[in-house]
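User: I should like to learn how to read strand pairing and helix packing in a model of this kind. Could we work through some cases together?

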Amino acid sequence: MSEGLRRSDASVHNDGVDSSSGTVGVDDIGVIGDIRNIGESDSSGINSSDSSDAVDSGGVADGSGSGSPGRGPYGADAYRRTKVRDRLTEAHLADQQRYWLAQLDDLPVLRLPVDRPRPAESGTARSRVDFRVPAEVVDRMNDLAGEVGGTPFTVLLAASQALFSRYGRQQDIPLATLTTGRALDRPDGRFANAVVLRATIQPDAPFIRLVEQNVRLVEDAVANGDLPFSGLADALAPEGADGGSPPAQVLVVLRGDDAPEAPEAPQSFDLAIDCRSAAGTGELVGTFAYDPELFEEATVRRLVGHFMVLLSAAAQEPGKPVGDLPLLDEEQRHTLLDEWGDNPVRARTWPCVHELVGERARSTPDAIAVVSATGTSTDTRTGTATDTATGPGTGTGTGTMTYGQLDIAANQLAHLLVSRGVRRGDVVGVCLPRGPRLVTALLAVLRAGCLYLPLDPRYPVDRLGYMLDDADVSVCVTESALVGTLRAATGADFVAVDEEQRNLAVQPSEPPAVPVSARDGAYVIYTSGSTGRPKGTVVEHRSVTRLLRDADYIPLRPDDVVAQGADATFDAATFEIWAPLAAGARMVVIDKDTMLDPMALTQALTRYDISTLVLTTAVFNQVVAARPDAFKTLRHLLFGGEAVNPDRVAQALAAGPPQRLIHCYGPTETTAFATWHLAERIGEHGTVPIGRPVVNTSVYVLDERLHPVPAGVVGELFIGGPGVARGYLARPDLTAERFLPDVLGAAPGDRMYRTGDLVRWSAEGALEYVGRIDRQVKVRGFRIEPNEIELVLQQHPDVESAVVVVRAEGEHKRLVGYVRPEPGRRPEPAALRDFVGDRLPEFMVPAAVALLDAFPLTPSGKVDRAALPDVERVFDAEDYVAPRTDDERVLAEVWAEVLDIDRVGITDNFYEIGGDSVLGIMVVAKARAAGVSVSAKDLFRLQTIAALSAEAADTASVR
């Protein structure tokens, strides 16, 4: 039978709770009642180098301890006070202060699994969850402690450190415990002191080494335990210490079986792990005391369960690396991997993308496939088209095409490409405006057995040249107007479709006899790379068809009308183009200016009877702000691409939502969408999840060693299944780094993509986006996650969304916050800084906060952090030209308001003083509201108030 916590002798200290002061008494550290190792006869215990500790730890409860005087006025107490007086010299305490200041320097904040933001003022209430450690585990804890000369407390501490290291993805772990200090102003020279035990947790180190490390850590803490933490307050005040509470969030205590009942956990701690030996059972009984303002009970119960799994495994296999100790039991593992993380509607065979379109062309050849929203008078409700465009070689790519016309035109162009020398597996560049001609070209490339590389002619020549050269493009499909631009970028051959009408007309109308499999590449899309070179992602046919077949997230029907608003270089176009064509639905191409103008977009949705729309989160927010009911006519609205503002979602839901409002997530490397969430309400804590995997997709939330993490714990998102791309073109090293063997997959050879995104599973089984793994910054030596500051700023009632970046000014770095206010609100930057300062440490408060009416966007519609304007912009007063007319004054005021600058002159270039296309849309909207009519195209073309005013005057004179 287990003896519980084994003792060095039968005597027990009788410190308990001092009835006169209410102070919790402790012997030395960690254990109230008895902390000595248990299984060793050496009474010197932890701090064997200090004889006064031996006095405290030996058998002095009844005066019979060896080597120390008996109790009484001239016995042990007097002896102890003499020893304390000898120790507590000014130099001695100064040494201890230096030790603790070094220990507490740059102390990290534990990333605890809180369910709610920390309130401005912490409450005093504490709740608790109880647990029991079985006797057999306690026996193994004793044995393990004995092997390294430690105590059960050092084992308990190691398990706690490992738990919070795994939970927070941190290696620097500070935990608090209680120790006995010595003071002359106490009756027995002793006082209870809270100290911080700070350890570095190495995931690949055996657990027993961590216990051994803790033995030394505890010895040092005891040796420096005479200085009350309140004595450090003044020295720590610049770092935000609050007068006496240790700067740690978690307390760990182990009590003897005869220690008095513990009071509630100190209120300064978010969590307190309080254990004691259960007399007569050999068990440990414990409590996790927690702050209910931060944690749900279910969260703490999960935490306790994971602690028990880890502690039991560590005691059983102490030689196992800390990072490989399990947290999950089998039931939890099954839930995470099989129920929540896998959506297997596996197809036995995967058709190619062009085959899906061909099936529709054969079954409904006269149905309209593609409509351009400009240059046509098509009635999209009846399908009657009055535009005379008949194929890819006419007009400018505008007009209407039926499925039959699209099929024949694509086959003819595919034959032409084959005749020009392209072979199966080649990459063919496609540089065309969005419209029927572009869709025809993409389909033709696939039918020729090749991969298409979409190109944007607005890109710099050097970037176009790099992409064409990197992809080894020998042929590029374009139009005559763009040949000159491309000629400067590449020596490849060109097929200008508007100049090839005779050659196209004589090509066969059936597809070329080129064998293509589902594992062949379908397209290459380039995205920015961390090395400064863009990287090309190779996506296979099966990855696209997996997105389209049996799509649970969006069941498209032939009567759907899908807006095509994304550039072909953006992977959202993969869905916008191929989903409607595979479903026999209709695609309506909408120009970029309309997509970025909330009023014009709303009108287009109605005019073209759009049923399905895809927007980036940034554009979604802007449209909702301007017209909350803009989407009420839609059947499906998909949005995503970055962290979402739940207030905007709530606003859309309240004002008249689409039938299905779908929050989507997916990197380019996993083919458009990997997860989805049907947004029907905002969660209790104001979150909009990214949901669960789309059909035929697996998602894993893993730690650094690729182990699944529990629900509520932040981990990196990995994505598996046929949607995972082949890899990066001609980048084998980078491919191997990001595309890993799927160790959790069902079939050998499966791979998973590591996204670099941090997520967590909610208790309901939905993925919640947290941030990027690589946005961590350092300012003034402090490690900071900007996402944490952004979330705090967004808690301000006047703030819609926020972005925080680091600005470098020579050797100096500073945090700068950018805020988009709620409509009609204008918070003061100083008040926002105070708001953050009330909730985060001083070093996390932005040095400056700027207010913007809109954030600049990348070409793919995401927030462009690199394009955020400098907060303090100073303009040359000599170049300032004041407005001359009422309209110029209105425009100057609008520009100044949108760009958050003091004044704007009529010769200032909008884009040079911080403007961009999206801010231009905001300028247009505000100017219209003030009675000045200006278009986004005019602003982009003319760029100064003087030029806009001059053109308006010329137009008026002509009239």
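Analyst: Let us begin with a pair of strands, bearing in mind that the model is predicted. Strand S19 (residues 612–616) and S20 run parallel and are joined by 5 bridges. Within S20, phenylalanine 639 is the residue that leucine 615 stands opposite.

User: Through which helix does the chain cross from S19 to S20, and what is the hand of the crossover?

Analyst: The path leads through helix H20 (residues 617–626), and this β-α-β crossover is right-handed.

User: With which strand does S20 pair over 5 bridges in the parallel sense, besides the case already discussed?

Analyst: That strand is S21 (residues 660–665). Here cysteine 664 of S21 has glycine 640 opposite.

User: How should I read the directions of the side chains in a strand, and are the residues of S20 buried or exposed?

Analyst: In a regular strand, side chains alternate between the two faces of the sheet. In S20, Leu637 and Phe639 point one way, while His636, Leu638 and Gly640 point the other way; all are buried. Strand S20 (residues 636–640) is accordingly described as mostly covered, with 5 of its 5 residues buried.

User: Turning to helices, at what angle do H12 and H17 pack?

Analyst: Helix H12 (residues 436–447) meets helix H17 (residues 572–583) at an angle of about 75 degrees, and their axes are 12 Å apart. Angles of 65 to 115 degrees count as roughly perpendicular, and H12 and H17 are therefore roughly perpendicular to each other. Val439, Leu442, Leu443 and Leu446 of H12 make the contact with Ile577, Trp578 and Leu581 of H17.

User: How do the residues of that contact divide by character?

Analyst: The contact of H12 with H17 comprises 7 nonpolar residues, no polar and no charged.

Key: Residues are numbered from 1 along each chain as its sequence is written. This is a predicted model: local features need pLDDT of at least 70, side-chain atom pairs count only at pLDDT 80 or more; totals for chains, interfaces and linings use all residues. Side-chain values use heavy atoms; hydrogens and water are left out. Axes are lines fitted to C-alpha atoms, for helices over the stretch in contact, and angles run from 0 to 180 degrees between N-to-C directions. Helices (H or I, at least four residues) and strands (E, at least two) are DSSP runs, numbered from the N terminus. Angles under 35 degrees count as roughly parallel, over 145 as roughly antiparallel, 65 to 115 as roughly perpendicular and the rest as oblique. Contact means heavy atoms within 4.5 Å. Ala, Val, Leu, Ile, Met, Phe, Trp, Tyr, Cys and Pro count as nonpolar, Asp, Glu, Lys and Arg as charged, and the others, Gly among them, as polar. Buried means under 20% relative accessible area, exposed over 50%, partly exposed in between (1.4 Å probe, protein chains only). Two strands pair if DSSP finds at least two bridges between them. A crossover is right-handed if, with the strands pointing away from the viewer, the path from the first strand over the helix to the second runs clockwise.
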